[in-house]
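The following explanation leads the reader through selected features of one structure. Please keep the sequence and the coordinates at hand while reading.

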Amino acid sequence: MIVREWLFLTIAACDAAEPWQLGFQDAATPMMQGIIDLHHDIFFFLILILVFVLRILVRALWHFHYQKNPIPQRIVHGTTIEILRTIFPSIIPMFIAIPSFALLYSMDEVVVDPAITIKAIGHQWYRTYEYSDYNSSDEQSLTFDSYTIPEDDLELGQSRLLEVDNRVVVPAKTHLRIIVTSADVLHSWAVPSSGVKCDAVPGRLNQISISVQREGVYYGQCSEICGTNHAFTRAPGNIGRLLSPLWLSRTTRGATHPRSKLLQRAAGAVGSQGARQ
Amino acid sequence: MADEIELKTAPADFRFPTTNQTRHCFTRYIEFHRCLAAKGEESNECERFAKFYRSLCPGEWIEKWNEQRENGTFPGPL
């Protein structure tokens with residue numbers, strides 16, 4: 001639906017910040033695709049207005065030359081044009097508002113019950129992820145911390161300040177509910193590819209619903225100033241490895257922590273399920 | 001590769017339609033303990049509520065509330 005059409009021109013999807021990047025990262029969720037489409041809609045009107053205004057401006061400057069136009073006109077009124085230049089610019093925002101509100105309200109709509117809940121808890125200066133859907137008691141959540149890999153420990157090919165030691169592993173094409181909160185100060189959990197940015201407020205649980213449509217490793221960063229190492233906190237840590245079949249198949253084979261084996265392997269930095277994609 | 005695994009979690013509750021799910025988590029926790037009080041500790045019917053609050057609430061909050069309940073200082077209508 002969303003991304004496959006354009007990806008045949010690319011070798012790999014842009015799911016992390018690129019140097020000198022001008023546009024968005026490639027969409028991985030319908031929400032992000034909606035945001036990109038809205039951006040295109042608005043940009044169209046933006047260019048129309050820009051060209052029009054520039055043309056008028058340049059034309060006025062060009063003709064306002066003492067040799068070409070020794071006697072300038074002194075017009076101060078013009079009812080028709082005043083009416084037109086009031087009505088016309090008020091119609092343009094209506095064209096912009098229609099797709100904008102449509103997207104805004106559809107982003108909030110949770111149509112389907114989520115299939116899995118993941119808690120992302122922000123700390124200074126790392127993330128903790130909890131998967132608690134299959135607990136049989138109050139302890140036993142699958143929980144792990146996610147720290148950014150320092151530059152000295154990076155392997156060849158890894159992104160600086162984007163890689164983490166334990167990634168969040170999440171199934172693709174599944175409705176996820178991500179509960180974002182914080183254990184100390186304000187943080188924000190953002191994954192640009194998925195069109196997600198949610199503040200992590202201590203004492204409050206913020207819910208985001210997404211459904212990632214393609215597999216891959218997605219990167220994000222902390223988006224709310226949270227202290228000295230704010231710039232070095234990776235927000236989702238990578239939402240890595242959206243592996244639908246693997247998730248379903250291997251996650252509940254016996255054992256007290258059935259998910260831990262797969263997740264710990266898949267969530268490991270590089271090379272867990274083959275090369276980093 | 002697998003037996004089809006069913007992914008299940010706390011369903012979207014129409015009482016809490018907005019982004020802020022703090023009350024949702026708290027309400028599920030209280031519902032579970034009220035259910036236990038009403039039906040007895042051994043009943044399996046309350047397990048449903050238990051799954052819901054475990055999915056939604058961070059582990060630290062659950063621990064804190066469990067302690068508060070033991071101390072008798074839990075600030076909720078149990």
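A:Lys119 counts as buried, because its relative accessibility is 0%. In this predicted model, the side chain of A:Lys119 is engaged in a salt bridge with A:Glu130, and the closest N and O atoms of the two residues are 3.2 Å apart. The pair connects distant parts of the chain: A:Lys119 belongs to strand β1 (residues 116-123) of chain A and A:Glu130 to strand β2 of chain A, with the two positions 11 residues apart in the count along the chain. A:Glu130 is likewise assigned to the buried class, because its relative accessibility is 5% and the limit for that class is under 20%. Both partners of this salt bridge are therefore buried.

This salt bridge belongs to a total of seven that a search of the whole structure finds over all chains. Further examples are found in chain B. B:Asp13 and B:Arg15 meet through their side chains in a salt bridge, with an N to O distance of 2.7 Å. The two residues fall into separate accessibility classes: B:Asp13 counts as buried at 9% relative accessibility, whereas B:Arg15 counts as partly exposed at 40%. B:Arg15 also forms a salt bridge with B:Glu31, where the closest N and O atoms are 3.1 Å apart. This second contact links distant parts of the chain, since B:Arg15 is located in the segment before α1 of chain B and B:Glu31 in helix α1 of chain B, 16 residues apart. Through shared partners, the salt bridges join B:Asp13, B:Arg15, B:Arg28 and B:Glu31 into one network.

Helix α1 of chain B also takes part in the covalent cross-links. How many disulfides does a search of the whole structure find over all chains? The search finds two. One of them is formed by B:Cys25 and B:Cys57, whose sulfur atoms are 2.1 Å apart. The torsion about the S-S bond of B:Cys25 and B:Cys57 is about 125°, and the disulfide is therefore right-handed. It links distant parts of the chain, 32 residues apart: B:Cys25 lies in helix α1 (residues 22-39) of chain B, and B:Cys57 lies in the loop between α2 (47-56) and α3 (59-71) of chain B. Both B:Cys25 and B:Cys57 are buried.

The other disulfide joins B:Cys35 to B:Cys46, with an S to S distance of 2.0 Å. Here the torsion about the S-S bond is about -80°, so the disulfide of B:Cys35 and B:Cys46 is left-handed. Because B:Cys35 lies in helix α1 of chain B and B:Cys46 in the loop between α1 and α2 of chain B, the pair ties together parts that are 11 residues apart in sequence. B:Cys35 is buried, with a relative accessible area of 8%, and B:Cys46 counts as buried at 1% relative accessibility. When the bonded cysteines of chain B are numbered in sequence order, the pairing reads 1-4, 2-3.

Chain A offers cysteines for which the distance rules out a bond. Why is the sulfur of A:Cys226 not bonded to the closest cysteine sulfur, in A:Cys222? The two sulfur atoms are 3.8 Å apart, which is too far for a bond, because a disulfide requires the sulfur atoms to lie within 2.5 Å. A:Cys226 is buried, with a relative accessible area of 3%. For A:Cys198, the closest cysteine sulfur is also that of A:Cys222, but at 12 Å this separation is too far for a bond. A:Cys198 is buried as well, with a relative accessible area of 7%.

Two further features involve chain A. A:Gln33 lies in helix α2 (residues 30-63) of chain A and counts as buried at 16% relative accessibility. A:Gln33 and A:His65 are 32 residues apart along the chain, and their C-alpha atoms are separated by 49 Å.

The final feature draws on both chains. Where does A:Glu139 lie in chain A? A:Glu139 is part of the loop between β2 (126-131) and β3 (142-146). A:Glu139 is exposed, because its relative accessible area is 54% and the exposed class begins over 50%. On the surface, A:Glu139 gathers with B:Glu60, B:Glu63, B:Glu67 and B:Glu70 in a patch of negative charge.

Key:
Residues numbered from 1 in each chain as written. Chains lettered and ligands numbered in written order. Predicted model: local features only at pLDDT ≥ 70, side-chain atom pairs only at ≥ 80, totals over all residues. Heavy atoms only, no water. Patch = residues over 30% accessible without salt bridge, like charges linked within 9 Å, V, L, I, M, F, W, Y side chains within 5 Å. Areas by Shrake-Rupley, 256 points an atom, 1.4 Å probe, with all protein chains shown as cover. Salt bridge = Lys/Arg side-chain N within 4 Å of Asp/Glu carboxyl O. Lys, Arg positive; Asp, Glu negative; His and termini not counted. Charge placed at Lys NZ, Arg CZ, Asp CG, Glu CD. Helix = DSSP H or I, 4+ residues; strand = E, 2+ residues; numbered from the N terminus. Buried < 20%, exposed > 50% of the residue type's maximum accessible area, 1.4 Å probe, protein only.
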